[in-house]
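Take a first look at the chain below. The report that follows starts at one glycine and works outward.

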Amino acid sequence: MDNQLIVIGGGASGLMAAITAAKNGGKVTVLEHNEKPGRKLLATGNGKCNLTNLDLSASHYRGGASRLTERIFSAFTNMDAIAFFQGIGLKTLDRNGWVYPYTEQASQVLRLLLLEAEKYRVKIKSRERVTAVIPRDGRFLVSTPAWTYEADHVIIATGSPASAVRGASGDAIQFARALHIETVPFLPALVPLRIREDVTNRWAGTRVHASVSLYIDAAFTASDTGEVQLTDFGISGIPVFQVSRYAADGISRGRKVSAVLDFMPDVSEEDLADDLKKRAALRPGSPFQELLTGLLPDKLTALFGGRTDHVSENTSSRNGRDYFLETARHIKRYTVTIAGTASIKQAQICSGGIPAEELTDHLECRKIPGLYFAGEAVDVDGECGGYNLQWAWSSGYVAGISCLTPSTAHDQKGDTK
Ligand SMILES: Cc1cc2nc3c(=O)[nH]c(=O)nc-3n(C[C@H](O)[C@H](O)[C@H](O)COP(=O)(O)OP(=O)(O)OC[C@H]3O[C@@H](n4cnc5c(N)ncnc54)[C@H](O)[C@@H]3O)c2cc1C
C-alpha cells in the first residue's frame, strides 16, 4: 500500500498528525480552509498557548470516552508532548502545572510546528475547504471546490465550530453523517453562561473569588472554584467554563439548570455569620451594607447589604430571625437559573463530534478502514488548563502514526517520535 495521506484541517491536531506521519515515511498533504494554518492555535491561552498540563489523566476529560482517552494518552503523554516541543526547539514554562512556551507566544509554537512540517516535506495547501470525503476502491477521494485529491488514508482534523476564529467549523459532523457514521451534536463548552435573574446590571464588571456549583433538575452535577466574572448577561471565568459543558448538555435536553454561587467559599456559613456579628459590634448603628465592606467587592456589598435598617450586635435576635445567618446563607448560596450558554463564538471548545464507539483505539473509523479522526472532531472535551491542546497533540500523534501502520502503531512508539 502506498502512503499517501491527506489531513483535513491544519490546526493543532492536524499539524501533529501530519508531522508524525511524514516523519514515518508518509507522503502527507494538509488541506486547510483558511489562508494560513493554525489560526485557533494563535488564539489559545490569550495568545500565550497553554500547551499541556503536568497533571494528565482521563478524569480531566468528559464525553464518555474515558477508555479511549486513556489509550490515546498512554500512546502519547503530556511528557511526550513536552519532549516533542522541546525537541523542535521550544523552551517550556511550568506555571503551577499549566505548561506554556517560555516566551508565552502561541505564534512561536505554530512557527516551530510549521518548520517541522516543512522539514519532513509536508505539503500544506491553504484556502482549500474540503466539501466531501468519498471512499472508493479502498482509497479516498477528497473534494474541495477547486479540486479532487486522492489518498490512501484520510485524517479528519477539522476541529469544532467553537470560537469566533475564522475557519472554525462543524464539518467533521457533516462528513461523518454523509458516511453513515454516528455523531454527537457539537455544543458549546468552556463558555460563559447566561442567567435569568434580573441582577446582572447590578453586578456587571465584578471579579470575585467564588465557587460555582451546577445543578441539573436540582441534582448536583459539577463545581469549581476560582475567579468568577459577573457580567452583564450572567457569569464567566474559568470556574464557570469548567462546569459549562454540563449546563449546555442539560439545557439541550430541556432540563432545569441552576448554579449556586458561593461568594465566600473559604468560610463556613456559621463562621461568616459570627464574623458579621462581630462587625456589627465594631460599628454599632452602621448601615447594614457597611458590615460587608472589606469582605466583598463593592457591587456585592450593595447586592447583599441592601437592607435599609441599621444594625447592632443584637440585630440577630430581633423578630426572632437570625439576620446574620440569613445574610451569610445568601452570600454562600446565591442561586441563579441558567438560561443558556453564551454564543458558540464565545466558547473555547465544543463537546460532541465522533463518539468513541465509532473509533478503534487508534482513532480509525470502525466502519471505514483508512479513515481517521483527531482533535476536537472526536467527542472528547477537556477542562481548562492545557487539556484540549494535549488531546489535539495526543490524538494527532496516534492518528498520524496509526494510519501508516495500523496494527503495530502503538508498539512502535519509542522509535517514531
Ligand atoms: C480563545 C481560545 C483559547 C484557547 N486556549 C486554549 C489553551 O490555552 N489550551 C488548550 O489546551 N486549549 C485551548 N483552546 C482549545 C484549543 O484551541 C482546541 O481544542 C484545539 O485547537 C483543537 O485542535 P483541532 O486540531 O481539533 O482544531 P483546530 O485547531 O480548530 O484546527 C482545525 C482546522 O481545520 C480547519 N478546517 C475546518 N473545516 C475545514 C474544512 N472543511 N476543510 C479544510 N479545513 C478545515 C480550520 O480552519 C482549522 O485550521 C482554546 C480555544 C480558543 C478558541
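## Starting at helix 1

Just after helix 1, G25 takes a positive phi of about 100°. This is a predicted model. Helix 1 itself covers residues 12-23. It has twelve residues. From first C-alpha to last, helix 1 reaches 17 Å, close to the 16 Å expected at 1.5 Å a residue.

Is helix 1 enclosed by the rest of the structure or open to the outside? Eleven of its twelve residues are buried, so helix 1 is largely enclosed. The buried set is A12, S13, G14, L15, M16, A17, A18, I19, T20, A21 and A22. These residues pack against several elements. Among the helices are helix 2, helix 5 (106-119) and helix 12. The strands are strand 1 (4-8), strand 2 (27-31) and strand 11 (153-156).

## Around the ligand

Helix 1 also has a part in the ligand shell. The ligand is surrounded by 42 residues, and the closest are G9, G11, G159, G167 and G375. Helix 1, helix 2 (39-43) and helix 12 (387-402) are the elements that give two or more residues to this shell.

What classes of residue make up the shell? There are 17 nonpolar, 19 polar and six charged residues around the ligand.

## The chain as a whole

The chain has 417 residues, and 49% of them count as buried. It holds 13 helices and 21 strands. Its C-alpha atoms fill a box of roughly 85 × 45 × 35 Å along the principal axes.

Contacts often link distant parts of the sequence. Take the contacts between residues at least 6 apart in sequence: 72% of them join residues at least 24 apart.

## Two domains

The domain assignment splits the chain in two. Domain 1 is made of two segments, 4-188 and 349-416. Domain 2 runs over 192-341. The C-alpha centres of the two domains lie 40 Å apart.

Where the domains meet, seven residues of domain 1 are in contact with eight residues of domain 2. On the domain 1 side, three of these residues are nonpolar, one is polar and three are charged.

## A hairpin

Strand 8 (residues 132-136) pairs with strand 9 (residues 139-143). The pairing is antiparallel and spans five bridges. One of the bridge pairs joins R136 to R139 in strand 9.

The two strands form a hairpin, with two residues between them. D137 sits in the turn and has a positive phi of about 50°.

## Two loop residues

G63 lies in the loop between strand 4 (61-62) and helix 3 (66-75). With 21 other C-beta atoms within 10 Å, G63 is buried, because 20 or more count as buried. Which residues does G63 contact, leaving aside its neighbours within four places in sequence? They are S351, D379, V380 and D381. G63 and S395 are 332 residues apart along the chain, yet their C-alpha atoms are separated by 15 Å.

R283 lies in another loop, between helix 9 (269-282) and helix 10 (298-304). R283 has 14 other C-beta atoms within 10 Å and is partly exposed. R283 and A176 are 107 residues apart in sequence. In space, C-alpha to C-alpha, R283 and A176 are 67 Å apart.

Conventions:
Residues are numbered from 1 along each chain as its sequence is written. This is a predicted model: local features need pLDDT of at least 70, side-chain atom pairs count only at pLDDT 80 or more; totals for chains, interfaces and linings use all residues. A residue is near a molecule or strand if its C-beta atom, placed from the backbone, lies within 6 Å of it. Helices (H or I, at least four residues) and strands (E, at least two) are DSSP runs, numbered from the N terminus. Ala, Val, Leu, Ile, Met, Phe, Trp, Tyr, Cys and Pro count as nonpolar, Asp, Glu, Lys and Arg as charged, and the others, Gly among them, as polar. Two strands pair if DSSP finds at least two bridges between them. Domain bounds come from an automatic or database domain assignment. Two residues are in contact if their C-beta atoms, placed from the backbone, lie within 7 Å. The expected span of a helix is 1.5 Å times one less than its number of residues.
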